[in-house]
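Trainee: Please take a close look at a single helix in this model and say how its residues are placed. Then go on to whatever else can be said about the surroundings of single residues and open space.

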Amino acid sequence: MFALAAAALTAAVVLSACSSGGGNGGSTNPPPAGSTQSGTTGTGTDTGTGTSSTPPKTSAKPKPTKPVHVSLFQGDGQTYGVGIAIVAQFNKKVTDAHPFDKAVTVKVNGQLANGAWFWVNSNTGYAMEAQYRLQHYWPAHSKIEMNMPLKGVSAGPGLAFDDSLTLSMNIGAAHISTVNGGSEEMVVTADSKTVKTMPVSLGKASTPTYLGTKVVMEKKNPQLMVSAPGESNPYSLKVPWSVRVTLDGEFVHSASWNGGNIGSRSTSHGCTNLNTNDAKWYYNFAVLGDVVTYSNTQTSKVMPSWDGWGWWNVSWTEWKAGNLLKNN
């Protein structure tokens with residue numbers, strides 16, 4: 001089933017990273033007006049009175065810059081799944097990515113990473129976001145360090161970043177699950193080893209489950225879920241053991257009411273229905289950033305990249321080009 005009017009996800013879970021503080025966005029006080037030399041006046045008995053002076057010097061005042069503040073979704077010392085992207089959030093729209101791209105570095109286990117930033121409009125209340133990932137998932141059990149020395153750096157004409165940030169986070173085991181609508185089955189792996197296989201029921205034809213690669217965004221126990229407007233059988237339920245994988249309302253969750261269909265047919269409103277014990281197990285197993293891939297659902301539509309954390313549904317060629325702003 002779908003949960004409507006999802007709360008702004010990152011607002012609830014944003015953790016601040018180390019910051020060098022605010023500032024005025026790199027603007028500087030205008031230089032003092034040029035000095036003026038007053039002339040000297042003297043009287044001579046033969047030449048009369050003479051006056052000499054130099055004209056005042058003038059200089060153009062630089063245009064003030066508007067500050068652009070950056071914050072991070074991730075927090076220092078936290079552990080995420082291999083599918084997470086680093087998310088930078090901006091209070092104003094950046095118009096030139098080149099200075100940002102040159103200033104920011106990301107390292108994996110001490111080695112410079114060969115990833116790229118993807119610039120998007122934010123759907124969580126910020127003016128803009130930049131999202132960083134590699135061509136493939138992060139290495140399992142790795143340490144990620146980012147240095148973002150942006151204070152005073154241009155964010156485009158008339159714009160300058162007003163803070164600098166660092167980030168040190170960890171990547172845990174490679175939790176990658178595959179959900180197959182044909183077999184109505186979910187196979188969960190950790191570091192390439194199968195740890196659990198569970199029966200599921202996915203979305204029916206009128207409310208299908210998206211195909212593609214999804215990333216665990218949030219966990220709630222319980223999660224309030226309400227029916228879409230016009231639903232023939234409206235509902236409002238607090239659903240236990242709910243793991244969100246799209247912004248618009250796909251979850252992996254307990255569905256005790258659907259036990260007769262779990263493992264045999266797709267009858268849900270789009271969510272991945274599990275038996276209660278399986279849902280509780282997966283809830284406790286999953287961490288933000290874990291990967292869940294879907295195949296053979298009742299639709300040909302792939303989860304859009306903007307519907308939550310659909311980062312891996314964007315080709316690497318398209319991703320490294322930068323999207324709204326071009327990199328390099």
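Mentor: The model is predicted. In helix α3, which spans residues 276-285, the buried residues are Asp278, Ala279, Tyr282, Tyr283 and Phe285. Looking down the axis of α3, these buried residues fall within an arc of 165°, so they line one face of the helix. The general background is that an α-helix has 3.6 residues a turn, so residues three or four places apart point the same way. Asn277 and Asn284 are exposed, on the other side of α3.

A buried residue can also sit in a loop. Glutamine 74 is found in the loop between β5 (70-72) and β6 (79-80). Glutamine 74 counts as buried because its relative accessibility is 0%, and the cut-off for buried is under 20%. A polar atom of the glutamine 74 side chain lies 2.7 Å from the backbone oxygen of alanine 85. The side chain of glutamine 74 also reaches the backbone nitrogen of valine 87, at 3.1 Å.

As for open space, the largest pocket holds about 290 Å³. Its lining is made up of 23 residues, and Val120, Asn123, Gln131, Trp306 and Gly308 are those nearest the centre of the pocket. Two or more lining residues come from each of α1 (9-13), β10 (116-120), β11 (128-133) and α4 (316-321). By residue class, the lining of the largest pocket has 12 nonpolar, nine polar and two charged residues.

Terms used. Residues numbered from 1 in each chain as written. Predicted model: local features only at pLDDT ≥ 70, side-chain atom pairs only at ≥ 80, totals over all residues. Heavy atoms only, no water. Buried < 20%, exposed > 50% of the residue type's maximum accessible area, 1.4 Å probe, protein only. Helix = DSSP H or I, 4+ residues; strand = E, 2+ residues; numbered from the N terminus. Arc of directions from axis to C-beta. Polar contact = N/O pair within 3.5 Å; in protein donor to acceptor, adjacent residues only side chain to side chain. 1 Å grid on protein atoms, 1.4 Å probe; cavity = no way out; pocket = protein on both sides within 12 Å on 5 of 7 lines; lining within 4 Å. Points joined across faces, edges and corners; volume = space filled by probe spheres on them. Nonpolar A, V, L, I, M, F, W, Y, C, P; charged D, E, K, R; others polar.
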